[in-house]
Amino acid sequence: MLKAVSLYKQYDRQPILCDVSLTVADGEFLSIMGESGSGKSTFLNILAGNLPPDRGQVLLDGVEISALGDAGLAKLRRTSLGFVYQSLNLIPTLNGADNILLPLYLDRGDLREGRERMQELSARLGISHLLSSMPQNMSGGERQRVAIARAMIHTPSVLMLDEPTGSLDSHSTAEVMELLRMLNRENGVTVIQVTHSERAARYGTRILELSDGRVSER
Ligand SMILES: Nc1ncnc2c1ncn2[C@@H]1O[C@H](COP(=O)(O)OP(=O)(O)O)[C@@H](O)[C@H]1O
Ligand SMILES: [Mg+2]
C-alpha cells in the first residue's frame with residue numbers, strides 16, 4: 001500500500017501541492033490527470049521518492065520513502081518501485097536489451113538471472129524483436145515499451161509512469177495502455193500513471209484530478 005500524508009510542495013512561493021493525502025491500495029491502476037503545469041510530475045516524483053516534499057510523508061508498505069537516503073532509495077528501486085520518466089531516459093548508444101538490463105549493470109545484479117527475466121519480459125511486452133535495435137531506430141511506442149521493460153526488470157510491486165503516451169498516436173497509446181492493463185491484472189502490479197489524455201486515463205481503475213494544488217476523485 002502506498003500512502004501519502006499531507007504533502008505540501010511549493011516553488012518560488014507558489015504552492016503546487018497543498019496538503020495532499022492519498023492512499024493507493026495494492027493492485028490499483030490509478031490515473032492522475034490535470035492540466036499542464038498543475039503539478040502532476042511534481043506529485044509523481046514525490047510519490048516515488050525522487051523529490052522531497054516540503055512537508056508531509058510518503059509511505060510504501062509502511063516504510064517512509066520521503067525520508068530515505070540514497071542507499072535506501074537505491075534499494076527501493078531494486079525491490080519495490082519502477083519509474084518511467086516522461087523522457088524515458090533510454091541510452092542512445094545501447095541496444096534494447098542493454099537498455100532493459102541497465103539497472104542490473106548499475107547495481108551489479110545477477111546478470112544471468114537478469115537476462116532470463118529480460119527475455120521473459122520482452123516476450124510479454126511484445127518487444128523481443130527490438131532487443132538488438134538501437135533506440136533511434138524504434139518508434140515512440142516501441143521506445144515506451146522498452147522503457148517499461150527496464151522499469152519492470154526488478155519485478156517491482158509499483159510501477160509509476162509520467163505521461164507514458166504523451167508523444168504517441170492513438171494506436172500506440174492503446175497498445176501501451178493494454179500492456180499496463182495486463183501487468184496490472186495478470187501480474188498484480190500497482191500502476192500509477194500521470195496523463196493528460198482522457199483516453200489513456202480511462203484504462204485506470206481510478207481517476208484523480210489535480211487542480212489548484214488539490215486532488216479530487218472522479
Ligand atoms: N524545479 C522546479 N523549479 C521551479 N519551478 C518548478 C520546478 N518544477 C516544476 N516547477 C513548476 O511547478 C509547476 C508544476 O510543474 P509540473 O509538476 O511539471 O506540472 P505538470 O507535470 O502537471 O505539467 C509548474 O508551474 C512548473 O513551472
Ligand atoms: Mg509533467
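**Sheet, ligand shell and hollows**

Colleague: How many bridges join strand β1 to strand β4?
Modeller: Strand β1 covers residues 2–11, and strand β4 covers residues 55–60. They run antiparallel. Keep in mind that this model is predicted. The bridges joining β1 to β4 number 5.

Colleague: Which residue is the bridge partner of Leu2 in β4?
Modeller: Strands of a sheet pair through backbone hydrogen bonds. β1 takes in residues 2–11, so Leu2 belongs to β1. Its bridge partner in β4 is Leu60.

Colleague: Which residue in β5 stands opposite Leu59?
Modeller: β4 also pairs with strand β5, residues 63–64. Those two run antiparallel, joined by 2 bridges. Opposite Leu59 stands Glu64.

Colleague: Which residue in the turn of the β4 and β5 hairpin has a positive phi?
Modeller: The hairpin leaves 2 residues between β4 and β5. In that turn, a phi of about 50° belongs to Asp61.

Colleague: Which are the edge strands of the open sheet?
Modeller: The sheet has 4 strands with antiparallel pairing. Their order is β2-β1-β4-β5. An edge strand pairs on one side only. That picks out β2 (14–24) and β5.

Colleague: Now the ligand. Which element gives the most to the shell around ligand 1?
Modeller: The residues around ligand 1 include Tyr11, Ile16, Glu35 and Ser36. Lys40, Ser41 and Thr42 are also among them. One helix, residues 40–47, gives 3 residues to the shell. That top contributor is α1.

Colleague: How many residues of that shell are polar?
Modeller: The shell includes Ser36, Gly37, Ser38 and Gly39. It divides into 2 nonpolar and 2 charged residues, with the rest polar. The polar count is 6.

Colleague: What distance separates a backbone N or O atom of Lys40 from an oxygen atom of ligand 1?
Modeller: Take the backbone atoms in turn. Ser38 has a backbone N or O atom 3.3 Å from a ligand 1 oxygen. For Gly39, the figure is 3.0 Å. For Lys40, it is 2.9 Å.

Colleague: What share of the accessible area of ligand 1 does the protein cover?
Modeller: On its own, ligand 1 has 560 Å² of accessible area. The share covered by protein is 56%.

Colleague: Which element gives the most to the lining of the largest pocket?
Modeller: The largest pocket holds about 430 Å³ of space. Of its 19 lining residues, the closest to the centre are Arg77, Phe83, Pro103, Arg150 and Ala151. Elements giving two or more residues are α2 (70–79), β6 (81–84), α3 (96–106) and α5 (140–152). With 4 residues, the one that gives the most is β6.

Colleague: How many residues of that pocket lining are nonpolar?
Modeller: The pocket lining has 3 polar and 4 charged residues. The nonpolar ones number 12.

Colleague: What volume does the largest cavity have?
Modeller: The count is 1 cavity of 30 Å³ or more. Its lining includes Leu2 and Leu60, the bridge partners from β1 and β4. The volume is about 40 Å³.

Colleague: How many residues in the lining of the largest cavity are charged?
Modeller: Met1, Val24, Ala25, Asp26, Val158, Thr190 and Ile192 are also among the lining residues. The lining divides into 7 nonpolar and 1 polar, plus the charged class. The charged count is 1.

Definitions and conventions
Residues numbered from 1 in each chain as written. Chains lettered and ligands numbered in written order. Predicted model: local features only at pLDDT ≥ 70, side-chain atom pairs only at ≥ 80, totals over all residues. Heavy atoms only, no water. Near = heavy atom within 4 Å. Polar contact = N/O pair within 3.5 Å; in protein donor to acceptor, adjacent residues only side chain to side chain. Areas by Shrake-Rupley, 256 points an atom, 1.4 Å probe, with all protein chains shown as cover. Nonpolar A, V, L, I, M, F, W, Y, C, P; charged D, E, K, R; others polar. Pairing = 2+ DSSP bridges. 1 Å grid on protein atoms, 1.4 Å probe; cavity = no way out; pocket = protein on both sides within 12 Å on 5 of 7 lines; lining within 4 Å. Points joined across faces, edges and corners; volume = space filled by probe spheres on them.
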